[in-house]
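I set out to look up how the two chains meet and what one helix looks like. My entries follow.

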Amino acid sequence: MSRWPQPALLVGRDLDVEVAGREGLTTIPAFVAAMVVLAGLGFGPGPEVLRATAAGVVWLVLLVTVVPLAQVLLAAERREDSWDLLRGLLSPTRLLLGKLSAAWLWLCVVWLVAELLSAALLGGLSPSVPLVAGGLLGTFGLATVTVGYGVFLSSGVSRSGLLAVLALPAGLPVLLAGVETSRPAAPNAWLGVLLVYDLVSVTACWAVFPVLVEE
Amino acid sequence: MPRRTDQILGVIASLAAAGTLPIALAVAPPDAVQGQAQRLMYVHVPAAWLAYLAFAAVLLCSIGYLLSRDLRWDRRAQAAAEIGVGMTALAIVLGSLWGRPVWGVWWVWDPRLVTTTVLLLVYVGYLGVRGLSADPHASARRTSAVGILAFVNIPIVHFSVVWWRTLHQPPTLLQPGGSHPIAPGMLAALLASLVTFTLAGIVVYRRRLRQLAARDALLRERFADSSTAATAQEPAPAVLVIPQVFR
């Protein structure tokens, strides 16, 4: 009997799968870099404009990354046809915790990469406690969106564009609040918004997750 | 679902519309600032009201399905969502038509406009989730989950945009806040329009429910015919057990 809880084992498994297959590593960082560079080209070249839009670019990149990440989320299980086995072994709550943790980890990495690229290419990064707190809370909220919609839409069925239609508007509060926590004079109210969003999202996702994984 | 009830409701809705039209076009005075363009409010506001009512119905019916696993709740949710999407699109278009002569622009980042547009996107996605699976119960489960997830997110979306607007621009005439006096004629026209749209929405909803029920009955018959023909031959594939769970 492993000493690690099942969700942690699931995260470890996802990391192993990623290291072996490099499905996310080959797509997501390139996607982030391309978006930041294209944003600079689209909004630039004036440094003032780029600095003003830097925070927005980071969170827009994060929000849009939800779409390819949700498709990567279960790609390995679908390919190996092991999704049913996983659903049989773990309870929906543990499955949600495991996938949520993995998605949150991914989005934290994306956030870090986007912030560093944005600082280097667009300027305007001001490291601060609200920035980091906003990053952690915001990525958690987006992770619940990723897992919630990704679970039943990442099965390779048609209408894959539906993921964008559903997930992107759902992440709108994170986009707004995340940008505001990135600004130098960030009011704590926006961290409160992120906290409320996270609590509501994870509760709603947990409530419907057994239904989503039911086949 | 008695047709006679629908007929009576239809007549009442028609009479309400016939009564509302002269009130909205003639009795209600034009706005002192916006002029005749303001009369679009008597269609725009009821359309938005009916949309919100429909989406609340989607939430309740989604919960109803998940608790009972009765496909009738799923049909109710579908009918409500279709009305909600149509009314939301109508509200947005009419809002733009109203805004152009009044504000001089087709669009402003008003919280209600943004929230309504997000609603449209989300529920278009909701309708798109339908039919992802051939199994009606699998489809109903997914759409019920989406219906619940979508609705719980809307208040947060709305208040996020309100605070965002407050942070970035001083309150304008567009911001909700404080009561603006409304002429009695305008109020009467608005209330009459709300009642008319609600009645018309109920009529359309009931007709659509009947269509969806007939469609499901036809599917049951087709599966029943297929399973009878296949009985003496090879074992029936799993998909043919679907009729057993129809109610």
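Across the interface of chain B and chain A, I found one residue pair in polar contact, both at pLDDT 80 or more; a polar contact is a pair of N or O atoms within 3.5 Å, within protein one able to donate a hydrogen and the other to accept it, with residues adjacent in sequence counted only if both atoms are side-chain atoms. I then searched the interface for salt bridges (a side-chain nitrogen of Lys or Arg within 4 Å of a carboxyl oxygen of Asp or Glu) and found zero.

The model is predicted: local features need pLDDT of at least 70, side-chain atom pairs count only at pLDDT 80 or more, and totals for chains, interfaces and linings use all residues. Side-chain values use heavy atoms, without hydrogens and water.

I noted which elements of chain B touch chain A: α4 (111-129) and α5 (136-168) each supply at least two residues, helices being DSSP runs of H or I with at least four residues, numbered from the N terminus. The largest share, 17 residues, comes from α5(B). I sorted that side of chain B into 20 nonpolar, six polar and four charged residues, with Gly counted as polar and Asp, Glu, Lys and Arg as charged.

For the contact (heavy atoms within 4.5 Å), I recorded 30 residues from chain B and 27 residues from chain A.

I also checked helix α3 (residues 71-103) of chain B: its 33 residues should span 48 Å, at 1.5 Å times one less than the number of residues, and its end C-alpha atoms are 46 Å apart, which agrees. Just after α3(B), Gly104(B) takes a positive phi of about 85 degrees.

Terms used: Residues are numbered from 1 along each chain as its sequence is written. Chains are lettered from A and ligands numbered from 1 in the order in which they are written.
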